[in-house]
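Dear colleague,

I am handing over the structure we talked about, and my notes on it come directly after. Please read them with the coordinates open.

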Amino acid sequence: MNLGGNWAEMMRRGKKFIQARRNNHLQDIRGRDPVSDHCAIVFLDAAYEFPFEIARALEFALFRSYAVPRISGLLRKSGELMNNARKRYDDTDLILSELIENGYDSERGMAAIANMNQQHSRYPIHNDDYLYVLSTFVFEPIRWIDRFGHRAMIEQERLSWFLFWRAVGERMGIHNIPEKYGDFEDYNICYERDKFRFSRSNHTIATKTRDLLLEMYIPRVLFPIGRLAVYAMLDESMSRAFGFPVQRPTLRLIIRRLLYLRGKLVRCLPARQKPVLRTQKQRPTYPEGYCIKDLGPDHTDNSFL
């Protein structure tokens, strides 16, 4: 009896079966037109293909915006992030998730955009700052997945993320959104080069956000290690703008290698059969659920979404 040959054949068939299931959603995405189906493609990415990566990337997308003194200064002045950090995180996460899971022109998507516009209208936010934050929602998930995902995004996905957030930006009244993917990416890069610089408000908001993220995922006793891991995920321009220590290349390599290996492990697993819906996640802020109109700070205070 050739046990070695039988085992090798079983492994080959198992790997082929897993890869067939793994490619289910990818084949669905390949068959869609990003111009007409970008909402569906974004949903498939966020709920099935890359739920972990996209959630982390959007967290870091907002984190990146705090390296801009004009943005962090407004957030610090509002006081909402300082006084109600977890609620603000949940509110922002839920609004973005409503858009991704339901589409921007659905009833819930339109309610989420109306809520966002109402909150933003109370502050003199510069259009170029709106544009930058919008650009991070496009490019941070793409960059994170290219680095740490079980595969890189294909062209349909990249274009879909651009078209999706461009449409959201138009409904928010943001002006001068580039019509081409490459032009928007150039804007993102140039804005960071010109606007990232240290300020006390950067440091204050980034420190509060860092500790909030750590509280959500690890016990307090591990905070010293967790802080080093957060610092290792920041590029040098962010670290300096926040006044955080720039980590040694060795630590950065270790943390990023672990995330890379996680992606390779996921590649060996079958495709997800049930969607990950962040709107259904249990949250201490809303133990009995939420209404979209109630997301964000109280309308009578001076806080900011």
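The notes below cover the nonpolar cores, one helix crossing and one loop residue.

This is a predicted model, in which local features need pLDDT of at least 70 and side-chain atom pairs count only at pLDDT 80 or more, while totals for chains, interfaces and linings use all residues. Residues are numbered from 1 along each chain as its sequence is written, and side-chain values use heavy atoms, with hydrogens and water left out.

The largest nonpolar core (buried Ala, Val, Leu, Ile, Met, Phe, Trp, Tyr and Cys residues joined through side-chain atoms within 4.5 Å; buried means under 20% relative accessible area, with a 1.4 Å probe and protein chains only) has 76 residues, and Phe63, Leu99, Trp165 and Phe242 have the most contacts inside it. Its largest share, 11 residues, comes from helix α9, residues 127–148, where helices are DSSP runs of H or I with at least four residues, numbered from the N terminus. Apart from this core lies another, of seven residues, including Ile41 and Tyr48.

Phe242 is in contact (heavy atoms within 4.5 Å) with residues that include Phe63, Tyr66, Phe198 and Leu234, leaving aside those up to four places away in sequence.

The axes (lines fitted to C-alpha atoms, for helices over the stretch in contact, with angles from 0 to 180 degrees between N-to-C directions) of α5, residues 69–78, and α12 come within 8 Å and cross at roughly 65°. On the α5 side the contact involves Pro69, Ser72, Gly73, Leu75 and Arg76.

Finally, Asn176 has a positive phi of about 60° although it is not a glycine, and it is found in the loop between α10 and α11.

Best regards

Definitions and conventions: Helix = DSSP H or I, 4+ residues; strand = E, 2+ residues; numbered from the N terminus. Buried < 20%, exposed > 50% of the residue type's maximum accessible area, 1.4 Å probe, protein only.
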